[in-house]
Amino acid sequence: MVLLQVLNSDNNISMVLFFGTIGMLALTIGLIVFISFHQRRVIRYQQQLQRMEQDQQKTLLNASIRLQEEERQRIAADLHDDAGPLLATARLYLNENFVNLDKTTQLQSIYNAKQIIDDTIQLIRNISHSLMPPTLKNFGLESAVNDLFQKISGSGSMNASCRFHDYRERLKVENELIIFRVIQELVNNILKHSNASFIHLTQNTSGSKFFIRIHHDGRGLTQTDFEKLNKSNVGLGLKNIQSRLKVLQGKIFFEKDMSQTYYKVTIELVKEEDTTKAAG
Amino acid sequence: MGSPFSKRIVVIVSAAVLIILIFTFLRSNKEGFDSVTASVESISLISLSLVYFYEQISKPQSTFIYSSPNFWIVIALMVYMSSTLFLFIISNNLSVKEMKKYWAINNISGIIANIIFCIAFLVNRFVSRSPIFEKPYEDVLENP
């Protein structure tokens, strides 16, 4: 009715007033609606990102928990299957009837029991070394990696070599352990899956960055494969690498060499002194 | 208000508007409705509301904008000011009879603005009652 009244009236001012007011109001309401929807969309998007991040964290956490359980099972199996029977056998040699036997048999029994106990000691030492390599703790990453690679080379099926170019001072012991575990896992993967004939590890620093590169000539992973495996349910070891590196705020890249014949894995870390300096 | 840039804009605009308003008020004949003052006020409030919206869009937030009472207050101001802007601008050219006829616009937008103000208060009450803002119960009983 107001519209009719305005349109019928010849008054130009009324027209301006009417359409001006309606126009302004429409603009305002449009703006408000746009802003609310825009903001809502942005927040939804943020929430989605957050959820994805949380999911990723959860998978990593699950992987590390599962890995820990597997490790425990392995230790339990080692102790139960190897150390248990050995000690039981030693006990058999040293039973109560022992005193009634003649001298030679007694000596033989003692000798056998001693042999078995020696074996057990060696076995337990091996288990403890595989849990925490003493060279790493006492002599640092370089020696531990050297040790590991010598053992691999010693088996004869693969040529493993490593070279540390810039490792004058040791990193923090716990960080070295993490790096060593990552290297161990990577080397393990190479041994298990890649069918490679050589592994070569080099260490370098550049500014505040600490690099470790591993080359091998077998079947390897590229970054896309790594990310795919990381999101899927398989690839427990890779997830473990990822979560370990997260602790050090390090990065890992899987790629093919320039010549397309070798696979290359690069681990990039920030040196500890610099992070503390930056934080300070 | 977040960034120093918008803070500066708000201060400059407010100061300029205040000066213009005082100046026009002193020069006007002080009879009837003062069109210029009201229009300048409308335009300045609309621009300040736009600055507020710009700020809201440009900085990332975790809560929805319509759960904040400030948003509703700004909407109320903006709706009122934009719907009465043209009325104020051309009120000098209207006769008393026309003025009476069209003054309904002002009244209606006033009512709408007040309703939106009510929403702002309700939102405020609702927000402050959400569990995050609630005080936890004391562990110790004062009068055992």
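Here are legends for four close-up views of a predicted model.

**View 1. Chain B is built from helices.**
Let's start with chain B as a whole. Chain B has four helices and zero strands, so its pattern reads α-α-α-α along the sequence. Chain B has 144 residues, and 32% of them count as buried. What about the part that probe spheres can still reach? The accessible surface of chain B is about 9900 Å², and carbon and sulfur atoms account for 68% of that surface. Now look at who touches whom: taking contacts in chain B between residues at least 6 apart in sequence, 68% join residues at least 24 apart.

**View 2. Chain A meets chain B.**
Zoom in on the place where the two chains touch. Here, 22 residues of chain A are in contact with 27 residues of chain B. Together the chains bury about 2300 Å² between them, and carbon and sulfur atoms give 75% of that area. Which helix of chain A gives the largest share of the side that touches chain B? That would be helix H2 (residues 12-93) of chain A, with 20 residues. Sorted by class, the chain A side of this interface holds ten nonpolar, ten polar and two charged residues. Don't go hunting for salt bridges across the interface of chain A and chain B, as the rule finds zero. Polar contacts between chain A and chain B come to one residue pair, with both residues at pLDDT 80 or more.

**View 3. Ser35(B) and its neighbours from further along the chain.**
Ser35(B) sits in helix H2 (residues 35-58) of chain B. Is Ser35(B) buried or exposed? Its relative accessibility is 4%, and the cut-off for buried is under 20%, so Ser35(B) counts as buried. Setting aside neighbours within four places in sequence, Ser35(B) is in contact with Phe88(B), Ile89(B), Ser91(B) and Asn92(B). Take Ser91(B): 56 residues separate Ser35(B) and Ser91(B) in sequence, yet their C-alpha atoms are 6.1 Å apart in space. For a finer detail, follow the side chain of Ser35(B) to the backbone oxygen of Ile89(B), which it reaches at 3.3 Å.

**View 4. Thr202(A) in a strand of chain A.**
Over in chain A, Thr202(A) belongs to strand E2 (residues 198-206). Why does Thr202(A) count as buried? Its relative accessible area is 17%, and buried means under 20%, so Thr202(A) makes the cut. Leaving out neighbours within four places in sequence, the residues in contact with Thr202(A) are Arg163(A), His165(A), Phe211(A), Ile212(A) and Arg213(A).

How values were computed
Residues are numbered from 1 along each chain as its sequence is written. Chains are lettered from A and ligands numbered from 1 in the order in which they are written. This is a predicted model: local features need pLDDT of at least 70, side-chain atom pairs count only at pLDDT 80 or more; totals for chains, interfaces and linings use all residues. Side-chain values use heavy atoms; hydrogens and water are left out. Helices (H or I, at least four residues) and strands (E, at least two) are DSSP runs, numbered from the N terminus. Buried means under 20% relative accessible area, exposed over 50%, partly exposed in between (1.4 Å probe, protein chains only). Contact means heavy atoms within 4.5 Å. Accessible areas come from the Shrake-Rupley method with a 1.4 Å probe; for residues, only the protein chains shown count as cover. Buried area is the accessible area (1.4 Å probe) that two parts lose on being put together, summed over both. A salt bridge is a side-chain nitrogen of Lys or Arg within 4 Å of a carboxyl oxygen of Asp or Glu. A polar contact is a pair of N or O atoms within 3.5 Å; within protein, one must be able to donate a hydrogen and the other to accept it, and residues adjacent in sequence count only if both atoms are side-chain atoms. Ala, Val, Leu, Ile, Met, Phe, Trp, Tyr, Cys and Pro count as nonpolar, Asp, Glu, Lys and Arg as charged, and the others, Gly among them, as polar.
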